[in-house]
Amino acid sequence: MESIRLTCFNFYTYKGWTFEWKKDWPVGPWPCKKDLELRARAGRKFWDMFEEFFNLSDEKQEHYRVL
C-alpha cells in the first residue's frame, strides 16, 4: 500500500501581490497570477515586498492570508 502526502500552501495578498508561501517549507515564496497560477519570474519588486511582509508579526501575516 502506498501512502500519499498532500500539502496545502498558504496564499497571501499583500500590497497588490498574491503569492504562495508555507513557513515550514524550505521553498518559496513565489508570486502568483490572479488565477493563483505561478508566475514565471519573481523580480526585485516582489522580493522587496516580501521582505516587508516577512517582518510583520504572525498575526498580521494571517490577516493577509486568502487561502
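**Close-up 1. A polar contact links the side chain of Gln61 to the backbone of Phe53.** In this predicted model, a polar atom of the Gln61 side chain lies 3.1 Å from the backbone oxygen of Phe53, where a polar contact is a pair of N or O atoms within 3.5 Å, one able to donate a hydrogen and the other to accept it, and residues adjacent in sequence count only if both atoms are side-chain atoms. Local features need pLDDT of at least 70 and side-chain atom pairs pLDDT 80 or more, while totals for chains, interfaces and linings use all residues. Residues are numbered from 1 along each chain as its sequence is written, and side-chain values use heavy atoms, leaving out hydrogens and water.

**Close-up 2. Gln61 is a buried residue of helix 2.** Helix 2 spans residues 58-63, helices being DSSP runs of H or I with at least four residues and strands runs of E with at least two, numbered from the N terminus. Gln61 counts as buried because its relative accessibility is 2%, the cut-off being under 20% with a 1.4 Å probe and protein chains only. Not counting residues up to four places away in sequence, Gln61 touches Tyr12, Trp21, Lys23, Phe53, Phe54 and Leu56, contact meaning heavy atoms within 4.5 Å.

**Close-up 3. Three strands form an open antiparallel sheet.** The strand order is 1-2-3, and two strands pair if DSSP finds at least two bridges between them. Strand 1 (10-14) and strand 3 (30-32) stand at the edges with a single partner strand each, so one side of each has no neighbour in the sheet. Strand 2 (residues 17-21) is joined to strand 3 by three bridges, and Thr18 has Cys32 as its bridge partner in strand 3.

Definitions and conventions:
Buried < 20%, exposed > 50% of the residue type's maximum accessible area, 1.4 Å probe, protein only.
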